[in-house]
Amino acid sequence: MVASRVIGSLGRFTASRTLCCPGYVCRNFAGSSALLSRTHINFGVKGDVAVIRINSPNSKVNTLGQELHSEFLEVMNEVWSSDQIRSVVLISSKPGCFIAGADLNMLNAFKTSQEVTQISQEAHRTFEKLEKSTKPIVAAISGSCLGGGLELAISCQYRIATKDKKTVLGSPEVLLGLLPGAGGTQRLPKMVGVPAAFDMMLTGRNIRADRAKKMGLVDQLVEPLGPGLKPPEERTIEYLEEVAITFAKGLADKKISPKRDKGLVEKLTSYAMSIPFVRQQIYKKVEEKVRKQTKGLYPAPLKIIDVVKTGIEQGSDAGYLSESQKFGELAMTKESKALMGLYHGQTLCKKNKFGAPQKEVQHLAILGAGLMGAGIAQVSVDKGLKTILKDATLGALGRGQQQVFKGLNDKVKKKAITSFERDSIFSNLTGQLDYQGFEKADMVIEAVFEDLSLKHRVLKEVEAVIPDYCIFASNTSALPISEIATVSKRPEKVIGMHYFSPVDKMQLLEIITTDKTSKDTTAIAVAVGLKQGKVIIVVKDGPGFYTTRCLAPMMFEVIRILQEGVDPKKLDSLTMRFGFPVGAATLVDEVGVDVAKHVAEDLGKTFGDRFAGGNIELLKQMVSRGFLGRKSGKGFYIYQEGVKSKNLNSDMDSILASLKLAPHPEVSSDEDIQYRLVTRFVNEAILCLQEGILATPAEGDIGAVFGLGFPPCLGGPFRFVDLYGAQKIVDRLRKYEAAYGKQFTPCQLLLDHASSPNKRFYQ
Amino acid sequence: MTSFLTYTFKNLPSTSNWALRSSIRPLSCSSQLRAAADVQTKSKKTLAKSSVRNIVVVDGVRIPFLLSGTSYKDLMPHDLARAALLGLLHRTSVPKDVVDYIIFGTVIQEVKTSNVAREAALGAGFSNRIPAHTVTMACISANQAMTTGVCLIASGQCDVVVAGGVELMSDVPIRHSRKMRKMMLDLNKAKTLGQRLSLISKFRLNFLSPELPAVAEFSTSETMGHSADRLAAAFAVSRLEQDEYALRSHLLAKKAQEEGLLSDVVLFKVPGKDTVTQDNGIRPSSLEQMAKLKPAFIKPYGTVTAANSSFLTDGASAVLIMAEEKALAMGYKPKAYLRNFVYVSQDPKDQLLLGPTYATPKVLEKAGLTLNDIDAFEFHEAFSGQILANLKAMDSDWFAQNYMNRKAKVGVPPLEKFNNWGGSLSLGHPFGATGCRLVMAAANRLRKEGGQYGLVAACAAGGQGHAMIVEAYPK
């Protein structure tokens with residue numbers, strides 16, 4: 001999930017100030033505020049061009065907030081009333097950030113949708129003034145220009161952006177369950193065309209500067225500069241300002257036209273969009289697609305379509321009104337609260353709370369060049385870590401090296417990096433069969449097969465060659481780290497790093513500490529994970545840690561449900577309709593039936609009753625018949641290269657038939673099946689918090705959503721309990737407990753929450 | 001003395017500028033030292049070292065540098081190189097069999113004559129017993145050819161080396177696309193009609209789109225002009241400054257041409273055409289005219305234009321390098337010594353053209369000289385903006401400290417000693433041949449204007465650079 005900062009929620013204006021703010025009063029304000037000196041804005045005049053520099057104090061990013069908004073309006077009023085000034089340049093003094101949107105905390109503080117609607121309307125008024133300004137305003141964009149920042153920029157007459165990787169434009173509101181509430185839904189379609197505007201607003205994707213230029217989102221690009229007489233970033237901003245000033249002058253002198261020449265395709269598109277029938281078809285198409293993808297679980301995308309439609313079909317006034325109302329409504333939805341919670345959690349899990357490590361990892365060694373090992377290598381080398389990839393055979397090593405190369409080459413095809421950058425990144429990787437160079441390794445991550453004796457052997461071999469300071473990290477999904485560490489000479493340097501496959505796509509990293517793991521070891525592991533671009537949760541050691549342990553009871557329930565005769569396809573559809581990105585049966589195939597069996601046996605033994613339900617015999621028989629899931633071509637489904645639609649594996653019928661159990665009709669409705677799965681998951685997650693495996697509910701939510709695909713619209717198991725109500729979940733668990741037994745017994749912490757409704761995981 | 005001073009500098013703990021200044025003042029005020037300085041303005045009489053052979057450039061020539069697409073357009077690169085070699089033979093009367101080795105630099109290679117040095121040498125009538133090789137190092141290819149020769153002589157492998165460079169931008173290898181090439185090669189190998197037909201059936205129209213060579217960095221895909229424009233912007237070099245510098249180059253070149261100072265130029269009778277007698281790219285214009293041009297690379301607001309950039313040029317050059325004792329034994333009166341030289345390289349993206357900034361202090365340090373010791377600066381002018389950016393970088397303590405790992409700036413060469421007879425902007429810049437022109441300009445200027453040391457510096461694609469000290473041969 002991209003989720004970045006959001007929205008032009010433009011600070012709260014006290015009603016009185018807005019009301020009594022006609023012309024001259026404002027000027028008085030401005031006069032007096034000059035004495036107060038502005039904190040967010042630095043305002044200067046160069047010739048006849050006003051240069052407004054945004055620089056929010058004490059923050060790495062500029063966010064549109066109350067103070068910034070009022071200062072900005074003051075300055076603009078000064079500009080508009082000055083005879084000397086003929087044009088304006090709007091720029092940020094922070095390299096890497098134009099305006100990243102608004103502080104979510106501010107939005108969260110609102111209690112009613114009316115308040116939020118009002119904020120949106122304030123923004124509408126200000127941005128309309130900018131749009132209608134007779135003195136041309138040039139937005140000079142360097143760094144992130146997102147949400148409200150973008151809406152501000154597209155209200156200006158001209159946009160110039162630096163062409164670097166940090167400069168991205170986008171409307172990520174949808175990722176937070178919102179819509180662009182400061183005129184974005186109305187201005188974007190006019191600027192880039194309806195289809196492109198839908199794409200931006202419905203996916204929330206970040207658009208790089210060069211792409212933005214092609215789309216017509218920005219009018220000019222400025223190349224970033226290298227070192228000169230000042231640091232590159234500083235000089236680049238200065239240069240951007242110089243260029244923007246020449247364009248501002250040109251616009252004021254009418255030497256430059258703010259209108260853009262449209263290409264043929266664009267002209268055709270806009271012609272097609274002028275035909276009502278075509279428009280209706282497009283709305284319909286987009287809506288269908290959104291409904292299919294969101295399964296009706298996310299209200300924001302549909303509202304975005306609706307608001308855009310209103311603006312185009314009924315005129316701007318209706319459009320802006322609708323935008324502000326829907327914006328207010330969305331801000332109050334559970335989905336939005338859940339998504340914002342995830343955003344906050346993600347920010348939290350991108351920080352190293354264990355402090356700066358004593359020694360930075362520069363040399364990394366990975367044991368095992370399989371899917372996991374190579375994946376870890378890929379995300380390491382492209383962050384500049386010198387990485388050794390070691391395997392036992394040349395063939396396996398070659399496959400691993402090829403996987404890394406392919407991952408990088410795919411980026412070249414997508415133009416994210418150049419072929420030269422690919423080669424230079426790939427040169428960070430050394431493939432080898434021996435332990436040469438391990439004496440320099442700062443960290444070794446083993447990703448060998450999940451077998452305790454093998455891991456022991458590897459650990460002993462490695463410890464013989466690595467330096468004292470080197471960390472040994474084990475990538476395992478279920479083997480307890482403390483057991484692996486028993487053969488270590490230095491258990492304080494042993495830690496678990498549980499990556500998720502495919503490593504380059506999955507954002508989560510679960511770091512597992514034992515009682516003996518030192519704090520510095522943890523800090524180093526987190527630092528490495530962060531460098532690899534991961535979102536990190538740190539959990540205590542225990543069978544299945546956090547993620548595997550939560551997933552296991554749900555999987556036992558999956559087996560049970562299948563045994564009760566529910567078709568895998570139906571089960572998939574039920575789980576996906578609940579918001580899981582992958583169906584439950586498909587998930588088993590993806591993970592690998594053998595792996596699932598392995599974990600189920602292990603954890604089943606440890607946890608006894610609570611992991612009861614399905615019969616593990618099902619998995620055993622599948623393994624014995626070679627139905628290992630996608631990797632073997634057969635599992636619950638049949639997988640064929642190049643065939644997209646999956647067919648059920650008919651050979652499963654006999655296995656399922658032999659293990660068939662009679663369903664309990666009172667708990668077998670579609671909804672019950674969904675909740676049987678989810679409540680077991682949630683109950684186990686809360687037990688992990690209760691037992692101290694988890695340090696915070698936020699980490700639990702992030703782990704569940706980013707690692708296991710728990711429905712993002714529910715915000716994770718803990719947020720789900722807060723929003724849905726602990727009592728309701730306990731009621732459901734009790735009902736299922738009555739039918740099936742102890743595996744559904746709610747844990748004490750959940751019961752505590754149910755009995756005192758004020759108790760919440762998130763305050 | 002200065003070397004003594006710099007030495008002291010280096011050894012000072014120097015935590016603050018103040019400390020530096022105060023400790024230096026007593027030194028420079030010391031009367032003995034000043035007396036010594038008065039007697040002798042140069043810090044060193046000569047750069048000769050007892051342990052190293054003295055290497056001299058006997059003389060050097062070049063055929064006139066022409067705008068590409070003019071009189072040389074129907075020739076091949078080795079024709080130009082051959083003309084330069086013949087000119088050198090004529091100018092120096094060196095016996096063809098005395099030469100031990102021949103080296104040429106070139107950048108855009110003609111595939112048929114990939115070792116253009118050998119083809120040109122054979123065509124110029126040199127003995128076929130003289131080995132020849134071709135080097136490439138972008139705009140400092142000829143410099144590389146010369147220094148390779150210097151090394152061969154210094155190590156005692158050779159006594160007489162001819163070094164030169166050539167570039168023909170009128171004709172560049174435009175290739176079939178990779179797909180087309182692959183199909184043609186496969187067709188070659190196909191044995192049966194069926195195989196051929198099946199190969200041909202894979203043909204698509206886009207196979208025919210050709211591959212053009214670009215003056216662009218392979219590593220960054222950025223054209224050099226684009227990089228120069230960014231460099232100029234990074235150092236805040238204005239369009240006007242660039243135009244003024246370019247105008248200076250053209251005016252000085254024009255003057256030098258009219259006064260007959262460009263004595264390295266030899267006539268070239270082009271087959272089927274008139275004899276070419278002089279460079280044809282020198283076109284002094286007015287600042288008003290130049291201001292009208294639109295930017296050539298960063299549109300529409302960049303500062304690098306056709307008028308303040310060097311143009312695509314055809315040309316060739318050659319020099320005769322010898323061990324001093326050999327030259328003297330043969331009765332030559334050499335023009336100059338070739339002394340210390342350095343190659344440097346830096347970031348090919350943001351510092352592509354800053355080679356001279358890095359190379360100058362390094363070569364001075366190596367030779368134990370300072371900027372004040374240099375009487376003739378010959379810097380390769382790729383773009384006005386590049387020259388001015390280099391001058392600003394050399395004048396910046398901040399840049400020296402943050403990017404060059406030096407305590408202080410090297411200083412800026414005085415313009416009255418800088419490219420006095422024009423430069424690449426006006427005379428032209430055949431990539432592979434410019435290096436020899438720079439060295440001969442420095443040597444000839446030292447003879448004409450007086451003075452002992454010349455400094456040659458150049459930038460090159462790939463983010464590389466070169467500098468060399470040329471010492472006047474005593475008259």
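Contact here means heavy atoms within 4.5 Å. Keep that in mind for the tour, which goes through a predicted model.

**Stop 1: a hidden serine in chain B**

Select Ser426(B). You'll find this residue in helix α16 of chain B, which covers residues 424–427. Is Ser426(B) buried or exposed? Its relative accessibility is 0%, so Ser426(B) counts as buried. Now light up what surrounds Ser426(B). Leaving out neighbours within four places in sequence, Ser426(B) is in contact with Ser249(B), His250(B), Ala253(B), Gly281(B), Ile282(B), Phe311(B) and Glu381(B).

**Stop 2: a leucine on the outside**

For a contrast, jump to Leu212(B), in the loop between α8 (193–201) and α9 of chain B. Leu212(B) has 60% relative accessibility, and therefore counts as exposed. Try your distance tool here: from the C-alpha atom of Leu212(B) to that of Phe104(B) you should get 24 Å, with the two positions 108 residues apart along the chain.

**Stop 3: salt bridges in chain B**

Stay in chain B and pick Glu211(B) together with Arg175(B). The two form a salt bridge, and their closest N and O atoms are 3.0 Å apart. Arg175(B) sits in the loop between β5 (160–168) and α7 (178–189), while Glu211(B) sits in the loop between α8 and α9, so the pair ties together parts of chain B that are 36 residues apart in sequence. Arg175(B) is partly exposed, at a relative accessible area of 44%. Glu211(B) is partly exposed too, at 30%.

Next, select Asp279(B) and Arg62(B). Here the closest N and O atoms of the salt bridge are 2.9 Å apart. This pair links distant parts of the chain, 217 residues apart: Asp279(B) is in the loop between β7 (275–276) and α11 (287–292), and Arg62(B) is in strand β1 (residues 55–62). Are these two buried or exposed? Both Asp279(B) and Arg62(B) are buried.

One more pair in this chain: Lys255(B) and Glu259(B), whose side chains meet in a salt bridge at 3.6 Å, N to O. Lys255(B) counts as partly exposed because its relative accessibility is 46%. Glu259(B), at 46%, counts as partly exposed as well. Over all chains, the structure holds 70 salt bridges.

**Stop 4: where the chains meet**

Zoom out and show both chains. How many residues of chain B are in contact with chain A? The count is 19 residues of chain B, against 19 residues of chain A. Together the chains bury about 1,700 Å², with 65% of that on carbon and sulfur atoms. Pick out Ala234(B), Tyr301(B) and Trp398(B): they supply 35% of the area that chain B buries against chain A, more than any other three residues.

After all those salt bridges, what does this interface have? The rule finds 0 salt bridges across it, but there are 4 residue pairs in polar contact. Colour α9 (224–234) and α15 (397–403) of chain B, since you'll want to see where the touching side comes from: each supplies at least two residues to the side that touches chain A. With 4 residues, α9(B) gives the most. Sorted by class, that side of chain B has 11 nonpolar, 4 polar and 4 charged residues.

**Stop 5: inside chain A**

Now hide chain B and go for the largest nonpolar core, which has 112 residues; Val444(A), Tyr546(A) and Phe710(A) touch the most other members. Helix α28 (residues 670–690) of chain A provides the largest share of this core, 11 residues. Apart from it lies another core, of 71 residues, including Ala153(A), Leu179(A), Val192(A) and Ile207(A).

**Stop 6: two covered helices**

Select residues 717–724 of chain A, which is helix α30. How many of its 8 residues are buried? The answer is 7, so α30(A) is mostly covered, and helix α16 (residues 371–381) of chain A, with 9 of its 11 residues buried, is largely enclosed by the rest of the structure. The covering around the buried residues of α30(A) includes α15 (334–348), α28, α29 (697–708), α31 (726–740) and α32 (748–755) of chain A. Just past the end of α30(A), click Gly725(A), which takes a positive phi of about 105°. Over in α16(A), the buried residues include Gly373(A), Ile376(A) and Val381(A).

**Last stop: a charged network**

Finish by selecting Glu557(A), Arg560(A), Glu564(A), Arg676(A) and Arg680(A), which are linked in a network of salt bridges.

Technical notes
Residues are numbered from 1 along each chain as its sequence is written. Chains are lettered from A and ligands numbered from 1 in the order in which they are written. This is a predicted model: local features need pLDDT of at least 70, side-chain atom pairs count only at pLDDT 80 or more; totals for chains, interfaces and linings use all residues. Side-chain values use heavy atoms; hydrogens and water are left out. Buried area is the accessible area (1.4 Å probe) that two parts lose on being put together, summed over both. A salt bridge is a side-chain nitrogen of Lys or Arg within 4 Å of a carboxyl oxygen of Asp or Glu. A polar contact is a pair of N or O atoms within 3.5 Å; within protein, one must be able to donate a hydrogen and the other to accept it, and residues adjacent in sequence count only if both atoms are side-chain atoms. Ala, Val, Leu, Ile, Met, Phe, Trp, Tyr, Cys and Pro count as nonpolar, Asp, Glu, Lys and Arg as charged, and the others, Gly among them, as polar. A nonpolar core is a set of buried Ala, Val, Leu, Ile, Met, Phe, Trp, Tyr and Cys residues joined through side-chain atoms within 4.5 Å. Buried means under 20% relative accessible area, exposed over 50%, partly exposed in between (1.4 Å probe, protein chains only).
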